[in-house]
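The following paragraphs lead the reader through a model of two chains, beginning where the chains meet and then turning to the sheets within them.

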Protein chains: 2
Amino acid sequence: MSARGNLFIVSAPSGAGKSSLIAALLTDKPTDMQVSVSHTTRKPRPGESHGQHYYFVSVDDFKTLIAEGAFLEWAEVFGNYYGTSRKVIEQALADGIDVFLDIDWQGALQIKQQMPEAVGIFILPPSRAELERRLTGRGQDSAEVIAARMAKAVSEMSHYKEYDFIIVNDQFEQALADLRAIIRSQRLTQASQINTHSDMLKGLLAD
Amino acid sequence: MSARGNLFIVSAPSGAGKSSLIAALLTDKPTDMQVSVSHTTRKPRPGESHGQHYYFVSVDDFKTLIAEGAFLEWAEVFGNYYGTSRKVIEQALADGIDVFLDIDWQGALQIKQQMPEAVGIFILPPSRAELERRLTGRGQDSAEVIAARMAKAVSEMSHYKEYDFIIVNDQFEQALADLRAIIRSQRLTQASQINTHSDMLKGLLAD
């Protein structure tokens, strides 16, 4: 039996650097890692293609999929539906691919209820001051807008205890090495290794 | 609060390469990793020093320590006592040092009962044939001696399911990278990070 992939839920407040970390992880186009492709009812934007950026479906189709229990998690955002298909995830994992779900704590909670073996990773900024600096942007936003961003970030961060691992993104390269270590270590858990090496283990332990 | 170290139990059958892996890990003399120093009643050999290779104590002192519950695990081997002092381990962990316990499955079981947070790592050879090759040595041993070694190795390996992580030592550099990934990832667990970054978290989550 070959190695099965692991499912990683990656959450973070805006400003923690989550997207940059995931992009860096995939920059060499590894064949055994991918970001989950969601289903959505919103229209494709220029350059977006079906199956690569999203699975674009109609609202009726999306609601049918909800009714069939096809989604590990789904949400409605600004009138559009977004969801993570169980079948898409399961196929990738069975192909030995580690799958990354870039979702917030509410989506993470839904995933964990249905796939408790999913590994939750929360990314934090190194300090309040640094977070404010990152969320202030180029000084073109009002104090109210920045305060609202901070409040949203603090609200998201309050859920860090629901995750298995926490990465503090102070030095980017260190945070990336942290992320890689977590991913590598999850291939080495007893459950993963028994699955990967079942034949070898039989051979080793034969009388 | 600064980072607390983690306790790693490393077990393997003879021939799996455990000693070489631990030696490679410590080759650059990292200040935040060490192999646990055991107490023993056997006499020091030339070159061995108290506190570095072992804590050399009398049988009476050892028995007193047993009675006081000072050992996380202990065993009698060929008439000598060997034990792992709880105080020695706790001090190193409190100093932020990752401690490695190089013990067999029986010692591992005792440790896990007293310190369930200890992380068990089991190292396996890549195949039966390779294990036999490694245990055959330089062809100077009888078939009976080799068969006895194999039986002992198989007996030890039968306990791999009692460990959190499994490393297959096929390519040494890969196995070493596996070991490093596990060690690094254990600094990133929620429990470790909450301990390491308690002040930072308070600052981040203040209203």
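In this predicted model, helix α7 (residues 172–186) of chain A packs against helix α7 (residues 172–186) of chain B, with the two axes 8 Å apart and at an angle of about 110 degrees. Because angles of 65 to 115 degrees count as roughly perpendicular, α7(A) is described as roughly perpendicular to α7(B). From α7(A), the contact draws on Gln174(A), Ala177(A), Asp178(A), Ala181(A), Ile182(A), Arg184(A) and Ser185(A). From α7(B), the contributing residues are Gln174(B), Ala177(B), Asp178(B), Ala181(B), Ile182(B), Arg184(B) and Ser185(B). By character, the residues of this contact between α7(A) and α7(B) comprise six nonpolar, four polar and four charged.

The relation between the two chains can be stated in terms of a superposition. In general, two copies of a chain are related by a rotation about an axis and a shift along it. Here, a turn of 180 degrees with a shift of 0.0 Å along the axis lays chain B on chain A with an RMSD of 0.0 Å. This is the relation of a two-fold axis. Within chain B, the C-alpha nearest the axis belongs to Ala181(B), at 2.2 Å from it, and Ala181(B) is also one of the residues that make the contact between the α7 helices. Of the interface residues of chain B, 100% are also interface residues in chain A, so the copies meet through the same surface.

Attention now passes to chain A. An unreviewed UniProt entry annotates residues 5–184 of chain A as "domain: Guanylate kinase-like". Over residues 5–184, chain A is 41% helix and 23% strand, and the end C-alpha atoms lie 11 Å apart.

Chain A contains an open sheet of five strands in the order β2-β7-β1-β8-β9, with parallel pairing. The edges are occupied by β2 (33–35) and β9 (165–168) of chain A; each has a single partner strand, so one side of each is left without a neighbour in the sheet. From one strand to the next, the twist averages 25 degrees. Within this sheet, strand β1 (residues 7–11) and strand β8 (residues 119–124) of chain A run parallel and are joined by four bridges. Ser11(A) has Phe122(A) in β8(A) as its bridge partner. Helix α4 (residues 105–114) of chain A lies across β1, β7 (98–102) and β8 of chain A, and runs at about 160 degrees to β1(A).

A further sheet may be followed in chain B. Four strands, in the order β4-β3-β6-β5 (chain B), form an open sheet with mixed pairing. Its edge strands are β4 (54–56) and β5 (71–77) of chain B, each with a single partner strand, so one side of each is left without a neighbour in the sheet. Neighbouring strands of this sheet are turned against each other by 25 degrees on average, direction ignored. Six bridges pair β5(B) with strand β6 (residues 80–85) of chain B in the antiparallel sense, and Ala75(B) stands opposite Tyr82(B) in β6(B). Helix α3 (residues 86–94) of chain B lies across β3 (38–40), β4, β5 and β6 of chain B, at about 35 degrees to β6(B).

How values were computed: Residues numbered from 1 in each chain as written. Chains lettered and ligands numbered in written order. Predicted model: local features only at pLDDT ≥ 70, side-chain atom pairs only at ≥ 80, totals over all residues. Heavy atoms only, no water. Pairing = 2+ DSSP bridges. Helix = DSSP H or I, 4+ residues; strand = E, 2+ residues; numbered from the N terminus. Axes fitted to C-alpha atoms, helices over the stretch in contact; angles between N-to-C directions. Contact = heavy atoms within 4.5 Å. UniProt positions renumbered as here; feature names shortened; annotations may be inferred. Parallel < 35°, antiparallel > 145°, perpendicular 65-115°, else oblique. Nonpolar A, V, L, I, M, F, W, Y, C, P; charged D, E, K, R; others polar. Least-squares fit on C-alpha atoms with pLDDT ≥ 70 in both.
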